[in-house]
Each structure stands twice: as C-alpha cells, then as structure tokens.
Amino acid sequence: MHFDQETALELGRFLLQVKAVKLNDKEPFTWASGRKSPIYCDNRVTLSHPAVRTFIRQQFVKAIEAKIGMVDAVAGVATGGIPQGALVAQEMNLPFVYVRSEAKNHGMGQQIEGELRPGSSVVVVEDLISTGGSSLKAVAALREAGCTVKGMVAIFSYELAVAEKAFAEAKVPLYTLSHYNALLEAALNMGILSQDEIASLARWRENPEKWSEERMGAC
C-alpha cells in the first residue's frame with residue numbers, strides 16, 4: 001500500500017534527479033537473476049544527498065506514526081535497510097537492530113544484530129521491494145525471535161503482483177513512500193521518457209518475465 005501520492009511523486013522526482021533510479025527501455029539492465037529489466041534502483045545513492053536523505057527519513061516517520069503506530073523498536077533489513085532504519089530509529093528515539101539475510105556461520109551465529117527482547121513490537125525498514133522474498137525472510141526471523149512485526153515501510157516498490165501476494169499471505173502491512181507508477185509519472189513530467197517508452201515500461205511491470213524473454217530474444 002502506498003503512503004501518500006504527493007509524497008510518492010515528489011520522491012520519484014528526487015530518485016530520478018540523484019540517479020538512484022535509472023530507466024532505459026532500449027538498453028535494459030541485467031538483474032542478478034539474469035533477467036532483463038528497464039529499471040535499476042539503488043537507493044543507497046540517496047544517502048549521499050542530505051536533502052533527499054532527510055526527506056526520506058521524515059516521510060518514513062510520518063508513515064509509521066500514521067499507519068503503523070507505536071512500536072518498541074526499529075529493524076533494518078540488510079543491507080540497504082540498515083542505514084535507513086538507523087536514521088528512522090534516531091529520529092524516533094527508539095532502539096535499532098538489523099536483520100541479516102541468514103545467520104552468521106561464526107561467532108554467536110546471530111541473524112538479528114543488536115538487542116531485541118522477545119515480545120517487542122517492531123517496524124521493519126526496507127529500501128526496496130521487488131518480489132518481497134528477502135524482506136519477508138527478515139520478518140520471519142523477527143517473528144521466530146518472539147517479536148511482533150506491526151508492519152514494514154520501504155522507500156520504493158516495483159509494484160509486482162508476486163510481492164503483493166507474498167505480503168498478503170504473510171500478513172505483513174506494507175507502506176511504500178514511492179512506487180513504479182509514480183516514478184513513471186514523474187519521469188514523463190520531467191521529460192525523461194516519451195509516452196511510447198512509458199507504455200513499454202508499464203508492460204514490464206505487468207509481466208516482467210515475458211518482457212525479459214522478449215528482450216533477451218532480441219539480443
């Protein structure tokens with residue numbers, strides 16, 4: 001679920017301006033999975049821009065207070081959600097922990113780093129939602145530790161149907177500051193993309209696998 005459309009459009013402009021998000025329909029990017037995509041998102045770039053970093057932190061806090069409510073702690077998802085979560089925790093004067101993708105195979109073998117008491121209510125902070133798999137693994141780890149996950153907030157979502165289904169099945173409320181459709185609208189308004197390019201990018205979101213296969217076949 002999106003937090004606020006005005007916020008989504010403004011953040012979409014910010015992400016494009018600082019090149020945290022890159023769009024290219026003609027020369028698509030290759031994801032780690034090998035699939036082709038017309039979008040590449042690296043929200044870590046926002047940390048280098050104080051005005052954008054501040055905007056994201058403030059909007060996260062507003063979203064948490066308006067949609068999730070009071071919590072005992074903030075948890076960031078490694079790695080992109082760690083700095084964002086720490087900034088939010090500082091703003092809200094709350095304890096902060098972060099969740100690894102898997103438990104360490106040395107030392108204490110911990111997956112959750114930091115002090116988090118069983119029974120704590122937690123909001124999870126993520127930088128990007130694609131399929132939702134890694135984000136929900138963090139939720140599972142927190143639940144296994146005896147905590148209540150009241151919801152998750154993220155900077156950006158690709159709005160893929162597979163993620164929406166996964167979050168619904170896991171019963172995790174998700175609120176994103178910006179999203180794919182808002183980004184396309186911002187790109188069109190800024191003159192970055194044409195209507196034809198917007199249409200192609202919209203088709204990618206409807207069926208990423210088919211879009212990727214078509215591009216790979218054209219290579």
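What follows is a friendly conversation about how some labels in this predicted model were reached.

Colleague: Let's begin with the sheet. What makes β7 and β10 edge strands?

Modeller: The sheet is open, with 6 strands in the order β7-β6-β5-β8-β9-β10 and mixed pairing. β7 (112-113) and β10 (174-179) each pair on one side only, and that is what puts them at the edges.

Colleague: How do you know that β9 and β10 are paired?

Modeller: Two strands count as paired if there are at least two bridges between them. Strand β9 (residues 148-157) and β10 have 5 bridges in the parallel sense, so they qualify as a pair. In this pairing, M152 stands opposite L174 of β10.

Colleague: And which helices pack there?

Modeller: Helix α1 (residues 5-17) lies across β9 and β10, at about 50° to β10. Helix α2 (residues 50-68) also packs on the sheet, where it touches β8 (121-129), β9 and β10. The direction of α2 makes about 140° with that of β9.

Colleague: Moving along the sheet, what makes β5 a mostly covered strand?

Modeller: In β5 (residues 73-77), 5 of its 5 residues are buried. Both faces take part: A73, A75 and V77 are buried on one side, V74 and G76 on the other.

Colleague: Which strands pair with β5, and how many bridges are there?

Modeller: β5 runs parallel to β8, joined by 4 bridges, and β5 also pairs in the parallel sense with β6 (residues 96-99) over 4 bridges. G76 takes part in both pairings: V125 stands opposite it in β8, and Y98 is its bridge partner in β6. β6 itself has V97 and V99 on a covered face, with F96 and Y98 on an uncovered one.

Colleague: Now the charges. Why is the K26 and E197 pair called a salt bridge?

Modeller: The cut-off is 4 Å between a side-chain nitrogen of Lys or Arg and a carboxyl oxygen of Asp or Glu. For K26 and E197 the closest N and O atoms are 3.0 Å apart, so the pair meets the definition. K26 is in the loop between β1 (21-23) and β2 (29-30) while E197 belongs to helix α7 (residues 195-206), so the pair ties together parts 171 residues apart in sequence.

Colleague: Why is K26 called exposed and E197 buried?

Modeller: Exposed means over 50% relative accessible area and buried means under 20%. K26 has 62%, so it counts as exposed; E197 has 18%, so it counts as buried.

Colleague: How do you know that R35 and E209 form a salt bridge?

Modeller: Their closest N and O atoms are 3.3 Å apart, and the limit is 4 Å, so this pair qualifies too. It links R35, in the loop between β2 and β3 (36-37), to E209 in helix α8 (residues 208-218), 174 residues apart. R35, at 38%, is partly exposed, as is E209 at 34%. The structure holds 6 salt bridges, counted by the 4 Å rule.

Colleague: Then why does E159 have no salt bridge?

Modeller: E159 is buried, and the nearest side chain of opposite charge, R205, is 4.3 Å away. The cut-off is 4 Å, so this pair does not count.

Colleague: What does E159 touch, then?

Modeller: Leaving out residues up to four places away in sequence, E159 touches H2, H179, Y180, N181 and R205. The E159 side chain also reaches the backbone nitrogen of Y180 at 3.4 Å. With a limit of 3.5 Å for polar contacts, that distance falls inside.

Conventions. Residues numbered from 1 in each chain as written. Predicted model: local features only at pLDDT ≥ 70, side-chain atom pairs only at ≥ 80, totals over all residues. Heavy atoms only, no water. Helix = DSSP H or I, 4+ residues; strand = E, 2+ residues; numbered from the N terminus. Contact = heavy atoms within 4.5 Å. Axes fitted to C-alpha atoms, helices over the stretch in contact; angles between N-to-C directions. Buried < 20%, exposed > 50% of the residue type's maximum accessible area, 1.4 Å probe, protein only. Lys, Arg positive; Asp, Glu negative; His and termini not counted. Polar contact = N/O pair within 3.5 Å; in protein donor to acceptor, adjacent residues only side chain to side chain.
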